[in-house]
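Student: I have a model open in front of me, and I would like to learn how to read it. Could you walk me through some of its features?

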Amino acid sequence: MSGKIDQVISNIIRQEMRRERETINLIASENYVSKQILSVVGSILTNKYAEGYPLKRYYDGCENIDKLETVAIERLIKLFRAEHANVQPHAGSQANMAVYLAVLKPGDVILGMDLAAGGHLTHGTKINFSGMVFKPFYYGVNRETEQLDYDEILKIAQSTGPRLIICGASAYPRIIDFKRFSEIAASVGAYLCADIAHIAGLVAAGLHPSPVEFAEFVTGTTHKTLRGPRGGFILCRESFAQCIDRAVFPGIQGGPLMHVIAGKAIAFKEAMSREFRLYQKNIIENCSFMARGFLETGYRLVTGGTDNHLMLVDMRNKHITGEESQKVLGSVGITVNRNAIPFDPYPPNIASGIRVGTAAITTRGMGKSEVAKILDFINEAIEKRDNVTELNFLKKRIKKFASQFPIYAK
Ligand SMILES: *Cc1c(COP(=O)(O)O)cnc(C)c1O
C-alpha cells in the first residue's frame with residue numbers, strides 16, 4: 001500500500017455515506033448492495049485484463065478469471081432460464097448497444113417506446129447513438145388509459161416496418177405483455193429486444209412475467225431491482241450467442257470489469273434465494289400501499305396505480321411542478337426524480353410528475369408503517385414548501401428517521 005489515504009476522496013465518500021444514511025431514497029432505479037458485493041467490487045480483480053471470453057482470452061494469466069466469468073454466466077442462465085448469457089456489458093446502455101450492433105445495420109428502422117412516455121434514451125432517442133445511427137420510430141401510451149396500447153403498437157409497426165422492436169421502460173408502472181410484443185414483432189418480421197433494466201429483480205423472482213421465451217434478446221441492468229453492482233447483461237437464444245458475444249467484445253467494449261462481474265455473480269446467487277423473492281414481494285407491497293396513500297391524499301397517479309416497484313405521481317392536483325417537487329423534497333432529504341407524465345403540458349426538464357420507487361427503502365428494511373410515515377413527510381413538505389423554518393425542522397426529523405435503517409442489503 002502506498003501509505004497515505006487520499007483525504008479528498010475519502011472525505012467525499014464519507015459525505016456520500018452520510019447522505020445515503022440520512023436521506024430517504026425513492027429513486028426507482030437505485031438500490032443498496034450487500035456487503036459481500038461491495039467488497040468484491042473493491043477487490044484486486046480490478047487489476048486483471050481479460051479481453052475475450054472464458055478459455056478464449058487475448059491475455060495470459062486468466063485461469064482464475066475464466067472460472068469467475070463461467071460461474072457468473074451459469075448463474076445468470078439458471079436465474080432467468082435462458083439459453084445463453086453475456087455478463088460483460090458495462091451497463092444497461094452497452095447491453096442494448098451490443099444487441100443493435102449484433103442484428104442491425106446503420107440506417108435500419110427500429111421501434112421503441114417514446115422517452116416522453118416512459119422509454120429509455122437507448123430506445124431510439126435522437127440525442128442518443130440509437131437515434132443517430134438507426135432510423136427510430138416510437139410508440140407511446142394510450143391517452144385515456146395511459147397504458148401501452150398493443151393494437152396501436154401493431155399499427156405503428158405495420159406502417160414503419162422495423163427490423164427491431166424494443167420493449168421495456170424506465171417509467172412505466174404496469175405489467176408489460178411480452179407475449180403480445182413478440183406476436184407484433186413476428187407479424188412484421190422484426191426481432192424483439194425486451195429491456196428489463198428496471199424490473200429484472202421482479203422477473204427473477206417470478207413476480208413479473210418473463211420475456212425470455214418470447215424475445216430473441218433480453219437486456220438488463222444488475223443494479224436496479226436486481227440489487228447487484230452497477231452493470232448490464234444480455235440473454236439470448238443459442239442461435240444468436242456468437243453474434244451477441246462478438247458485438248460486446250470486440251464490437252463495443254475492450255476488457256471486461258472482472259471485479260464487477262464477481263459482484264454480478266454474487267447478485268445472481270442472492271437473487272435465487274427465498275429471501276430475495278420475499279424482498280421483491282415486499283417491494284411490490286410497499287409500492288401498492290404507497291400508491292393507495294397517494295390516492296387517498298388527493299394525488300393523481302398515472303394509470304391510476306401500479307403493478308410493480310414504481311409509480312408516477314401527477315403533482316398537478318397539488319399545484320406544483322415535478323421540478324419544484326423534486327427540489328422541495330430533496331431539500332428535506334427525500335430523493336425522487338421529476339418525470340414527465342404522458343402528454344405532459346410541461347417540457348421534460350420541468351415535468352408535471354415525479355417518479356417514486358420502493359426498491360431502495362425496502363432493502364433498508366422499511367415496511368408499511370415506514371411507508372405511511374414517508375407519505376406524511378412528503379405531504380408535509382409539499383404543503384409547507386414556502387416555509388423555510390418548517391422545512392428545516394422536517395429535514396431534521398427525516399434525518400433521524402432515515403438514520404435508523406442500514407444502507408446494506410442483508
Ligand atoms: C436504466 C435503464 C437502462 C440502462 O441504464 P444504464 O444507466 O446504462 O445502466 C436501459 N434501459 C432501461 C429501460 C433503463 O431503465
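Tutor: Gladly! Let's begin with strand pairing: two strands count as a pair if DSSP finds at least two bridges between them. Keep in mind that this is a predicted model. Here, strand 11 (residues 300–301) and strand 12 are joined by 2 bridges and run antiparallel.

Student: Which residue in strand 12 is the bridge partner of R300?

Tutor: That is D314. On the side of strand 15 (residues 353–357), D314 stands opposite G353.

Student: How many bridges join strand 12 to strand 15?

Tutor: There are 5 bridges, and these two strands also run antiparallel.

Student: Is strand 12 mostly covered or mostly open?

Tutor: For this we ask how much of each residue a probe can reach; under 20% relative accessible area is called buried. Strand 12 (residues 310–314) is mostly covered, with 5 of its 5 residues buried. Look at the directions too: L310, L312 and D314 point one way, while M311 and V313 point the other way.

Student: D314 carries a charge. What is D314 linked to by salt bridges?

Tutor: A salt bridge is called when a side-chain nitrogen of Lys or Arg lies within 4 Å of a carboxyl oxygen of Asp or Glu. D314 belongs to a network of salt bridges with E146, R300 and R316. So R300 appears twice in our story: as the bridge partner of D314 between strands, and as a member of this network.

Student: How many salt bridges does the count come to?

Tutor: The count is 16 by that rule. Let's follow some that involve E380, a residue of helix 14 (residues 368–383).

Student: Is E380 buried or exposed?

Tutor: E380 has a relative accessible area of 15%, so it is buried.

Student: Which side chains meet E380 in salt bridges?

Tutor: One is K384, with an N to O distance of 3.3 Å. Another is R397, at 2.9 Å from N to O. Because E380 lies in helix 14 and R397 in helix 15, that pair ties together parts that are 17 residues apart in sequence.

Student: What about the accessibility of K384 and R397?

Tutor: Both count as partly exposed: K384 has 28% relative accessibility, and R397 has 31%.

Student: Which other residue does the side chain of K384 meet in a salt bridge?

Tutor: K384 also meets E390, at 3.6 Å from N to O. E390 is partly exposed as well, at 28% relative accessibility.

Student: Leaving out residues up to four places away in sequence, what does E380 touch?

Tutor: E380 touches L394 and R397. For a contrast, try finding R277: it is 103 residues from E380 in sequence and 33 Å away in space, C-alpha to C-alpha.

Student: L394 brings me to helix packing. Which residues meet where helix 12 packs against helix 15?

Tutor: From helix 12 come V328, S331 and V332, and from helix 15 come L391, L394, K395 and I398. By class, this contact has 5 nonpolar, 1 polar and 1 charged residues. L394 therefore has two roles to trace on your screen: a touch with E380, and a place in the contact with helix 12.

Student: At what angle do the axes of helix 12 and helix 15 cross?

Tutor: The axes of helix 12 (residues 322–332) and helix 15 (residues 388–402) cross at roughly 60° and come within 7 Å. The two helices are therefore oblique to each other.

Student: Last topic, please: in what order do the strands of the open sheet come?

Tutor: Its 7 strands follow the order 4-10-9-8-7-5-6, with mixed pairing. Strand 4 (84–86) and strand 6 (135–139) are the edge strands, each pairing on one side only. From one strand to the next, the twist averages 20°.

Student: And which helix packs on the sheet?

Tutor: Helix 7 (residues 178–187) does, touching strand 6, strand 7 (164–167) and strand 8 (191–195). The direction of helix 7 makes about 155° with that of strand 8.

Student: How many bridges join strand 4 to strand 10?

Tutor: Strand 4 is joined to strand 10 (residues 232–236) by 3 bridges, and the two run antiparallel. To find the spot, look for N86, which stands opposite I234 in strand 10.

Note on methods: Residues numbered from 1 in each chain as written. Predicted model: local features only at pLDDT ≥ 70, side-chain atom pairs only at ≥ 80, totals over all residues. Heavy atoms only, no water. Helix = DSSP H or I, 4+ residues; strand = E, 2+ residues; numbered from the N terminus. Buried < 20%, exposed > 50% of the residue type's maximum accessible area, 1.4 Å probe, protein only. Contact = heavy atoms within 4.5 Å. Axes fitted to C-alpha atoms, helices over the stretch in contact; angles between N-to-C directions. Parallel < 35°, antiparallel > 145°, perpendicular 65-115°, else oblique. Nonpolar A, V, L, I, M, F, W, Y, C, P; charged D, E, K, R; others polar.
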